[in-house]
Number of protein chains: 2
Amino acid sequence: MAGRGSYAKGLAKREEILRSALEVFSRQGYRGTSLRELAKAVNLSQAGILHYFDSKEQLFAEILRKRDELDGARYAETDEAAHALVAVMRHNAEVPGLVQLYANISAAATEADHPAHDYFVRRYDGMRRMFADSIRTQQTAGQFPAELDADMIATVMIATADGMQVQWMLDPERDMSDHLEYLWSLLSGIHQPDRRPSESAQ
Amino acid sequence: MAGRGSYAKGLAKREEILRSALEVFSRQGYRGTSLRELAKAVNLSQAGILHYFDSKEQLFAEILRKRDELDGARYAETDEAAHALVAVMRHNAEVPGLVQLYANISAAATEADHPAHDYFVRRYDGMRRMFADSIRTQQTAGQFPAELDADMIATVMIATADGMQVQWMLDPERDMSDHLEYLWSLLSGIHQPDRRPSESAQ
DNA sequence: GTCTATAAGTCGATAGAC
DNA sequence: GTCTATCGACTTATAGAC
């Protein structure tokens, strides 16, 4: 069952490259990074990396998947999606290179035939659904205005998070999580002006 | 004063290239476009284009500047920034290639030494200021909740617009301007729950 | 002012030694 | 499993003919 050992070792090395790459990007940023640069950073030759990954784009897509996985694990205990998003944003401010990598790849993956296109489509779909579900739960619990459209709010919150990252990178003084938290607090505090406390109005 | 004619002609040709490129991008999109492709599309050789623009990046930055100029002219009559933004979004849905170009270049310009970095820093700064001013005007006129932070709202609205573009490109069914309009209507409808109509409370 | 031709470089990917 | 070496494609930018 343990195989010839090489399989498990290969997987471990893959993982190591992924983590290494993730850390390298966090620190020194994504500057249209070539495989050669990345290889140097993880102490391997360019050919060495391609022994583990089929292509550059596949590697990049997996780096982002890995990031999502780590973020997901880190904030798994948070049941409120909005708070988790704010927490992720606060964390992102510590890893500017990753934010940059993400912005660049998500823009590129916009093209229909980009290798990571499907991944991003599914990713946003999943995030929206998760977020909207969390909102609906809060709504039934009376912790969030029931008249707001959960799907649209989820979409807008995620869009704001993405957009804030660009503005933050261009102006690091601006606090991403503050803005997101402010928006969420405003939405949470909304109450319908045209409905009376009593149901017997009119 | 008219010079030898060549100066004015050169400017006109520059303008023509810019407009052509803008239209090409609107239609067929930005696929890591090379100068050669773009040259072919505007009926010029690659070297011919570089006769008018110093480099590829400079050309791309000027294309976006041109777009801003046209958008600005088109919605100049709108005094409410939010409505102008919604209108621009509605227009953007007709020019997916441009939206893609914008997403890619703004992500790339995030890098401090990118040729268009300063342009984007100034652009966002200007947009935020303009938007916030418009909000403050509405606030004094009593047309927007006075207790909301104009600068933060402006920032968030712009961020939402940017983020919606990515989600729309990955899922064209989603209507960017609808989401933006919805968010704006929610914010506009906020009224403070803890302030009484009368000033003499407490 | 616009072209062809090409310089000079980088990239991802592959082949093959070890 | 990791390397060196190299291929071939493609890039921007330049030189120089017309």
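The surface near DNA strand C draws most on α3(A), which gives three residues to it. I should state at once that this is a predicted model. Alongside α3 of chain A, residues 46–52, two further elements each supply at least two residues of that surface: α2 of chain A, residues 35–41, and α1 of chain B, residues 6–28. Both protein chains are thus represented at strand C, with A:L35, A:Q46, A:K56, B:S45 and B:Y52 coming nearest among the 16 residues around the strand. Of the atoms of DNA strand C that come within 4 Å of the protein, sugar and phosphate account for 54%.

Let me turn to the individual polar contacts at strand C. Which part of the strand does the side chain of A:Q46 approach? An N or O atom of that side chain is 2.6 Å from a base nitrogen of DNA strand C. Two other residues approach phosphate oxygens. In B:S45, a polar backbone atom is 2.8 Å from a phosphate oxygen of the strand. In A:S34, an N or O atom of the side chain is 3.5 Å from a phosphate oxygen. Considered by class, the surface near DNA strand C has six nonpolar, six polar and four charged residues.

I now move to DNA strand D. This strand is surrounded by 16 residues, and the closest are A:S45, A:Y52, B:R36, B:Q46 and B:K56. Sugar and phosphate make up 51% of the atoms of DNA strand D that come within 4 Å of the protein. Among the polar contacts, a side-chain atom of B:Q46 lies 2.9 Å from a base nitrogen of strand D. The side chain of A:R36 has an N or O atom 3.4 Å from a base oxygen of strand D. At the backbone of B:L35, a polar atom is 3.4 Å from a phosphate oxygen of the strand. Which elements give two or more residues to the surface near DNA strand D? They are α1, residues 6–28, and α3 of chain A, together with α2, residues 35–41, and α3, residues 46–50, of chain B. The classes on this surface are six nonpolar, six polar and four charged residues.

The remainder of my presentation concerns helix packing, beginning within chain A. Helix α5, residues 81–92, and helix α8, residues 150–170, pack at an angle of about 15°, with their axes 11 Å apart. An angle under 35 degrees counts as roughly parallel, and α5(A) and α8(A) are therefore roughly parallel to each other. Their crossing is right-handed. From α5(A), the contact is made by A:L85, A:M89 and A:N92, and from α8(A) by A:M157, A:A161, A:Q165 and A:W168. By class, this contact has five nonpolar, two polar and no charged residues.

A second pair in chain A is formed by helix α6, residues 96–108, and helix α7, residues 117–140. Their axes come within 9 Å and cross at roughly 110°. How are α6(A) and α7(A) oriented, roughly parallel or roughly perpendicular? Angles of 65 to 115 degrees count as roughly perpendicular, so that is the description for α6(A) and α7(A). In α6(A), A:Y102, A:I105 and A:S106 meet A:F120, A:R123 and A:Y124 in α7(A). Four nonpolar, one polar and one charged residues take part in this contact.

Finally, I come to a helix pair that joins the two chains. Helix α9 of chain A, residues 176–189, and helix α8 of chain B, residues 150–170, have axes that come within 10 Å and cross at roughly 100°. These helices, α9(A) and α8(B), are therefore roughly perpendicular to each other. On the chain A side, A:D178, A:H179, A:Y182, A:L183 and A:L186 of α9(A) meet B:M152, B:I153, B:T155 and B:V156 of α8(B). The contact of α9(A) with α8(B) has six nonpolar, two polar and one charged residues.

Technical notes
Residues numbered from 1 in each chain as written. Chains lettered and ligands numbered in written order. Predicted model: local features only at pLDDT ≥ 70, side-chain atom pairs only at ≥ 80, totals over all residues. Heavy atoms only, no water. Near = heavy atom within 4 Å. Polar contact = N/O pair within 3.5 Å; in protein donor to acceptor, adjacent residues only side chain to side chain. Helix = DSSP H or I, 4+ residues; strand = E, 2+ residues; numbered from the N terminus. Nonpolar A, V, L, I, M, F, W, Y, C, P; charged D, E, K, R; others polar. Axes fitted to C-alpha atoms, helices over the stretch in contact; angles between N-to-C directions. Parallel < 35°, antiparallel > 145°, perpendicular 65-115°, else oblique. Left-handed = near helix turned anticlockwise from the far one by under 90°. Contact = heavy atoms within 4.5 Å.
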